[in-house]
2 protein chains.
Amino acid sequence: MGLPVGYSINLSNMILALGSVALDTVKTPFAHMKDALGGSGTYFSISASCFTKVALVGVVGTDFPQKYINQLKSKGIDLKGLQIRNGKTFRWGGEYSFDFNNPKTLFTELNVFSSFDPDIPNEFKDYPYLFLGNIDPILQLSVLEKMNKPRLIACDTIRYWIEKSPKELRKVIKKVDIFFLNDSEAREFTGESNLKKAGESILLLGPRFVVIKKGEHGVLLFGKNSMFAAPAFLLENIFDPTGAGDSFAGGFMGYVAQKRTLSDNTMRSAIICGTIMASYCVEGLGVRTLFSLKPKDISKRYNEFKRFTKY
Amino acid sequence: MGLPVGYSINLSNMILALGSVALDTVKTPFAHMKDALGGSGTYFSISASCFTKVALVGVVGTDFPQKYINQLKSKGIDLKGLQIRNGKTFRWGGEYSFDFNNPKTLFTELNVFSSFDPDIPNEFKDYPYLFLGNIDPILQLSVLEKMNKPRLIACDTIRYWIEKSPKELRKVIKKVDIFFLNDSEAREFTGESNLKKAGESILLLGPRFVVIKKGEHGVLLFGKNSMFAAPAFLLENIFDPTGAGDSFAGGFMGYVAQKRTLSDNTMRSAIICGTIMASYCVEGLGVRTLFSLKPKDISKRYNEFKRFTKY
């Protein structure tokens, strides 16, 4: 049930994040980078770490640069759950054209990720906030089962899993509180072109909230008793859209964990925090802008967004 | 200059609207109608008449059904400026596919509209609010010149005039306070794919406000010192998108005229009123839903929209 406004639950505020850690090769009309720090778990964790403490569960190969480990640690991200396996790190290559819509995937090399078996250090099993990044639903389920009843579970997915493992994905969705996906994925998953119908039909599968991300067109939040829409932050320059959705989820979860409440109001403000983090993410190449963010940058843009949307 | 919040000017509240009055043939996946009441001036006037008094300047042929005249009059629309000329009424035919995006134009028969020379009855020349519908910029200019300094002038356009008469269109824009266009038109007109840059570059041409309509993705308002974004009202069922943009402009101008203020706050609420009127418009075939609207329907949906967007 969508909790009524003002209804608060006090929780502690640590997030456990499961996701990919990758070496990204990205081409845009304006820039090019090779083997840069990337992956859904990475973007999520850096973004969420601006709000609260995050532990990241994932896997990299022995080729993963120590400087990236140091960078993640410098954001206070706990890497005791990041396995280092013999072999090469997961690599992804993508190219954006001038419209900065869906990138053309140049290559995907799973490498050590293909045999990833998430191991959750005992100290993380009582973490109250769990984020299941957009990886194989079977791995998402296995992590979920290893945890000691987190109080809030969110998960994200991508088209690949909607098409390959819809049954397993439904099992995950049934057990989570918040489900993130984008507009075209929502349409494909439900077979419903209308986003209101799509969002409401996903709610029937079990989650308390469904968040449909529309990229430059903003976000929709569906709860059992409420809906919420927010436009995107209007930017003059987009440099690299990679990681926007993961940064959104990180800002959202980070804010919710920081507030330690699950009210409808908190969810709405969390949508705005996610929007702000995604807007910063796409203004820089890779994780660059996210990394350098200060709390005052986030509150400055939050206030700009308020002025930009109030009436 | 975007007037500061709370700065008010008292004006009387009559609107003069220039626009097409047409007989529309519309096919959608769910319905079909032939020679129905349509045209940009028609949709605008019906929508605005829910907020204030409107006089419509346009032309129809001798075949224009008396029942449509009676319908427009029943909304209190003053038709002394509607010329009835020998010949046939302007006809437009369009077909929508399931995605309800841009319709395929089946035919356009200008008929009496091809020699339209707008004549403004003297009693209308002192009207304080002027709306120049999306017709030939030369006609928009001629009407503008016949008026006795209206205090607020808004104009709309379509791709056809952006491509055919960009110079004349710029002359009109220079003289208006508010310029409406949709996102693809804004991109084409400015050669700028980024909507923030597009909106700001149109502001430099002279208008105080630029309104960029994004259809199902909402609206952007650009002022000299402020920007505002609103999502669209989320509908479950779209029946016929014809007239959505004109209904939007009608709700916007109707609200501004009713309030008789030109503050930034009024413009923002006017965007929401436009959004509400467009949402009702597309829920019914042709002008059907707009016609039957009661003030309580508008305030009900305005309040729903508030709940849908506040945070």
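**Figure 1. The nine-strand sheet of chain A.** In chain A, an open sheet of 9 strands follows the order S5-S4-S1-S8-S9-S10-S11-S12-S13, and its pairing is mixed. Strands are DSSP runs of E with at least two residues, helices are runs of H or I with at least four residues, and both are numbered from the N terminus; two strands pair if DSSP finds at least two bridges between them. The edges are formed by strand S5 (82–85) and strand S13 (227–230) of chain A, each of which pairs on one side only. From one strand to the next, the twist averages 15°. The model is predicted: local features need pLDDT of at least 70 and side-chain atom pairs count only at pLDDT 80 or more, whereas totals for chains, interfaces and linings use all residues. Residues are numbered from 1 along each chain as its sequence is written, and chains are lettered from A and ligands numbered from 1 in the order in which they are written.

**Figure 2. An edge pairing and a packed helix in chain A.** Strand S4 (residues 53–61) of chain A runs parallel to S5(A) and is joined to S5(A) by 4 bridges. Opposite A:Gly58 stands A:Leu82 of S5(A). Helix H9 (residues 264–282) of chain A packs on the sheet, where H9 touches strand S11 (209–213), strand S12 (219–223) and S13 of chain A. Contact requires C-beta atoms, placed from the backbone, to lie within 7 Å. The direction of H9(A) makes about 160° with that of S12(A); axes are lines fitted to C-alpha atoms, for helices over the stretch in contact, and angles run from 0 to 180 degrees between N-to-C directions.

**Figure 3. The four-strand sheet of chain A.** A second view shows an open sheet of 4 strands in chain A with the order S3-S2-S6-S7 and mixed pairing. S3 and strand S7 (104–109) of chain A are the edge strands, each with a single partner strand, so one side of each has no neighbour in the sheet. On average, neighbouring strands of this sheet are turned by 15° against each other, direction ignored. Strand S2 (residues 22–27) and strand S3 (residues 32–38) of chain A run antiparallel and are joined by 5 bridges; S2(A) and S3(A) form a hairpin with 4 residues between them. A:Lys27 has A:His32 in S3(A) as its bridge partner. S2(A) also pairs with strand S6 (residues 91–95) of chain A, in the parallel sense and over 5 bridges, with A:Thr25 opposite A:Gly93 of S6(A).

**Figure 4. Buried and exposed faces of helix H5 in chain B.** Helix H5 (residues 166–175) of chain B has B:Leu169, B:Val172 and B:Ile173 as its buried residues. Down the axis of H5(B), these residues fall within an arc of 100°, so they line one face of the helix; the arc is that of the directions from the helix axis to the C-beta atoms. The face turned away from the buried side of H5(B) carries the exposed residues B:Lys167 and B:Lys174. A residue is buried if 20 or more other C-beta atoms lie within 10 Å of its own, exposed if 12 or fewer, and partly exposed in between, with C-beta atoms placed from the backbone. The cover over the buried residues of H5(B) includes helix H3 (137–146) and strand S9 (152–156) of chain B.

**Figure 5. The contact between chains A and B.** The contact takes 21 residues from chain A and 20 residues from chain B. On the side of chain B that touches chain A, S13(B) gives the most, with 4 residues.

Note on methods. Two residues are in contact if their C-beta atoms, placed from the backbone, lie within 7 Å.
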